[in-house]
Amino acid sequence: MAQEAQAENGSNASPVVFAAVKPWLVVEAPKANDAVQFYKAAFGAEEVNRVNHPKRKAEQELPLVLSAELKLGSSSIVVSDLTDDAPAPVKSAVSGSVFCLETEDVEAAVSKAVAAGAVAEGEISEGEGACCGGRVGRVKDPYGNVWLICSPSKKCADVAA
């Protein structure tokens, strides 16, 4: 779904259209490769692209990851190692990120994430938030990110129809 942004003065001249949003998760080096493996195991992510640090391949057993793009359903995320000498968009690891995943089988998704190394936070319940209107489970991944695993809400389903 594309979103249009109006010019700052409120005019409709030259709208900017966004085709996608790709969250970029920066993890403490050298944990990006582990994070990629975790997201594959926990959420069934598919790695579609990877760029390793060009100068560090010979210096380390595992090269640092400049960016690894993962496909999750119809969306994508990017994961990278935090390095001082890389052209990363941020220079410190970010914590406190929350992501919402929709699925019809919340229980199985939470169980799969926990089996891969996530920690369940609380019990699965009925959600009332902006992201989740149906059943919702909450897990924290080994890198500090919180994932709300939700059944599609009726409100979202009505909008899509």
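How much surface does the protein expose, and what share of it do carbon and sulfur atoms supply? The exposed surface amounts to about 9800 Å², of which carbon and sulfur atoms supply 52%. The model shown in every view is predicted.

**Figure 1. Overview of the predicted model, with its helices and strands.** The protein contains 3 helices and 11 strands. Along the sequence these elements follow the pattern β-β-β-α-β-β-β-β-α-β-β-β-β-α. The protein has 161 residues, and 34% of them count as buried. Among contacts with a separation of 6 or more, 51% are between residues 24 or more positions apart.

**Figure 2. The open sheet of 4 strands in the order 3-6-5-4.** Pairing within this open sheet is mixed. The edges are formed by strand 3 (24-28) and strand 4; each has a single partner strand, so one side of each is left without a neighbour in the sheet. From one strand to the next, the twist averages 20°. Strand 4 (residues 46-52) is joined to strand 5 by 6 bridges in the antiparallel sense. Strand 5 is in turn joined to strand 6 (residues 75-82) by 5 bridges, and these two strands also run antiparallel.

**Figure 3. Close-up of strand 5 and its two pairings.** Strand 5 covers residues 65-72; 6 of its 8 residues are buried, so the strand is largely enclosed by the rest of the structure. In the pairing with strand 4, Val65 of strand 5 stands opposite Asn52. Towards strand 6, Ala68 stands opposite Val79, and Lys71 stands opposite Ser76. The hairpin of strand 5 and strand 6 has 2 residues between the strands, and Gly73 in this hairpin takes a positive phi near 65°.

**Figure 4. Helix 1 and its placement on the sheet.** Helix 1 lies across strand 3, strand 4, strand 5 and strand 6, and runs at about 150° to strand 6. The helix comprises 12 residues (residues 32-43); at 1.5 Å a residue it should span 16 Å, and the 16 Å between its end C-alpha atoms agrees with that expectation. Its buried residues are Ala32, Asn33, Ala35, Val36, Phe38, Tyr39, Ala42 and Phe43. Several of these side chains reappear in the views that follow.

**Figure 5. Backbone geometry on either side of helix 1.** The loop between strand 3 and helix 1 holds Pro30. The peptide bond leading from Ala29 to Pro30 is cis, with omega near 0°. Beyond the other end, just after helix 1, Gly44 takes a positive phi of about 70°.

**Figure 6. Surroundings of Asn145 in the loop between strand 10 and strand 11.** Asn145 is found between strand 10 (135-140) and strand 11 (146-150). Is this residue buried or exposed? The relative accessible area of Asn145 is 3%, below the 20% cut-off, and the residue therefore counts as buried. The side chain of Asn145 makes a polar contact, at 3.3 Å, with the side chain of Tyr39, one of the buried residues of helix 1. Not counting residues up to four places away in sequence, Asn145 touches Leu25, Tyr39, Ser97, Phe99, Val139 and Lys140.

**Figure 7. Ala113 of helix 2 and its contacts.** Ala113 belongs to helix 2 (residues 106-116). With a relative accessible area of 0%, Ala113 is buried. Which residues does Ala113 contact, leaving aside its neighbours within four places in sequence? They are Phe38, Ala42, Phe43, Ala118 and Val139. Of these, Phe38, Ala42 and Phe43 are themselves listed among the buried residues of helix 1. Val139 also touches Asn145, as shown in the preceding view. The C-alpha atoms of Ala113 and Lys40 lie 9.8 Å apart, with their positions 73 residues apart in sequence.

**Figure 8. Leu62 in the loop between strand 4 and strand 5.** Leu62 lies in the loop that joins the two strands named in the title. Its relative accessibility is 48%; as this value falls between the limits of 20% and 50%, Leu62 counts as partly exposed. The C-alpha atom of Leu62 is separated by 8.4 Å from that of Asn33, although the two residues are 29 residues apart along the chain. Asn33, in contrast to the partly exposed Leu62, is one of the buried residues of helix 1.

Definitions and conventions
Residues are numbered from 1 along each chain as its sequence is written. This is a predicted model: local features need pLDDT of at least 70, side-chain atom pairs count only at pLDDT 80 or more; totals for chains, interfaces and linings use all residues. Side-chain values use heavy atoms; hydrogens and water are left out. The expected span of a helix is 1.5 Å times one less than its number of residues. Buried means under 20% relative accessible area, exposed over 50%, partly exposed in between (1.4 Å probe, protein chains only). Two strands pair if DSSP finds at least two bridges between them. Contact means heavy atoms within 4.5 Å. Accessible areas come from the Shrake-Rupley method with a 1.4 Å probe; for residues, only the protein chains shown count as cover. A polar contact is a pair of N or O atoms within 3.5 Å; within protein, one must be able to donate a hydrogen and the other to accept it, and residues adjacent in sequence count only if both atoms are side-chain atoms. Axes are lines fitted to C-alpha atoms, for helices over the stretch in contact, and angles run from 0 to 180 degrees between N-to-C directions.
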